[in-house]
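Hi there,

Here is the structure I promised to pass on to you. Please open it alongside this message, and my notes follow below.

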Amino acid sequence: MLDEPPRQSLDAAMPATPAWPPSSLPRLFVDQQLVEGGELQLEGQPANYFGAVLRLGEGDKVKLFDDRTGEWLAEIVAGGKRRVALRVVERLRPREDVPDLWLLFAPIKRGRIDWIVEKATELGVARIVPVLTRRTVVDRVNLDRLRAHMIEAAEQCERTALPEFAAAERLDSLLSQWPSGRPLLFADESGGEPLLDAIAPGPAAILIGPEGGFTPEESQAIRALSAARPVSLGPRILRADTAVVAALSLWMAAAGDWSRHRNR
Ligand code: SAM
């Protein structure tokens, strides 16, 4: 006789209570303080995104965050392609504390610098600083465009705190004003201790050089800084953008917040 199929446990059979609000709700950064019951008007690109792209209208719910108070549920009270009016319903999450990690990197060509900013935001850095070095091929950094990439990445990866985006700084000036108590993990392809051995809990900064690498004089100046720790990312020469993602991931796993699960 055929075996009876195992009786599915009641729990497994019952549909799970869908999470509220659904994580699929559209999510946008708004550069103004949000309060419960507050009303706000969106125009331009955000309005176009809600009203025209997603065709949302009266009664539809969205998620907003302001990089000040956290993430909020909001309801559209009047929709349109050019202007959308919303009422703030309730706070969903407070502004998160991201690990105190800075990314310092020498700007590289356009597409790849956007990618670096996007990935650094997703990986959870607190501050992003473009560093101008002798072999940096880019002499002007379009901060507005990079900031837009940073915000889009934060909207997508559900950050409630935006990284601080600093103006580009020359390497020598950065070194001369280095803050005490913050180790500078200097990714040096000419050799250093394995990055994992150099990571310790607490504030830190990771420095990644340009495609052409640091000049011997620059490497010497960095190594002269007492806070500097030359680190290796292995035997192969990584492209600068690969080095950024590799170093940030190792740090986040070892001393960052990757052991913490996403809270709702
Ligand atoms: N032009 C350099 C060369 O050919 O020796 C390579 C520079 S690499 C493309 C860009 C930056 O990534 C370096 O300045 C360094 O900060 C980092 N990097 C790449 N590979 C690395 C490694 N194996 N160890 C440490 N840092 C590395």
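Let me begin with the ligand, bearing in mind that this is a predicted model. The side chain of Glu-189 places an N or O atom 3.2 Å from an oxygen atom of the ligand. Two backbone contacts involve ligand nitrogen: a backbone N or O atom of Glu-211 is 2.8 Å from a nitrogen atom of the ligand, and a polar backbone atom of Leu-233 also lies 2.8 Å from a ligand nitrogen. On its own the ligand would expose 580 Å², and the protein buries 85% of that area.

The shell around the ligand has 20 residues, of which Ala-187, Glu-211, Leu-233, Arg-236 and Leu-238 come nearest. Glu-211 and Leu-233 thus appear both in that group and in the backbone contacts described above. By type, the shell holds ten nonpolar, five polar and five charged residues. Strand E13 (228–232) and helix H8 each contribute at least two of its residues.

Helix H8 is worth following further, into its packing with another helix. H8 (residues 240–255) packs against H3 (residues 110–123) with the axes 10 Å apart and an angle of about 5° between them. That angle is under 35 degrees, so the two helices count as roughly parallel to each other. On the H3 side, the contact is made by Arg-112, Trp-115, Ile-116, Lys-119, Ala-120 and Leu-123. H8 brings Ala-240, Asp-241, Val-244, Val-245, Leu-248, Ser-249 and Met-252 to the contact. Nine of the contact residues are nonpolar, one is polar and three are charged.

Happy browsing, and best wishes!

Methods. Residues numbered from 1 in each chain as written. Predicted model: local features only at pLDDT ≥ 70, side-chain atom pairs only at ≥ 80, totals over all residues. Heavy atoms only, no water. Axes fitted to C-alpha atoms, helices over the stretch in contact; angles between N-to-C directions. Helix = DSSP H or I, 4+ residues; strand = E, 2+ residues; numbered from the N terminus. Parallel < 35°, antiparallel > 145°, perpendicular 65-115°, else oblique. Contact = heavy atoms within 4.5 Å. Nonpolar A, V, L, I, M, F, W, Y, C, P; charged D, E, K, R; others polar. Near = heavy atom within 4 Å. Polar contact = N/O pair within 3.5 Å; in protein donor to acceptor, adjacent residues only side chain to side chain. Areas by Shrake-Rupley, 256 points an atom, 1.4 Å probe, with all protein chains shown as cover.
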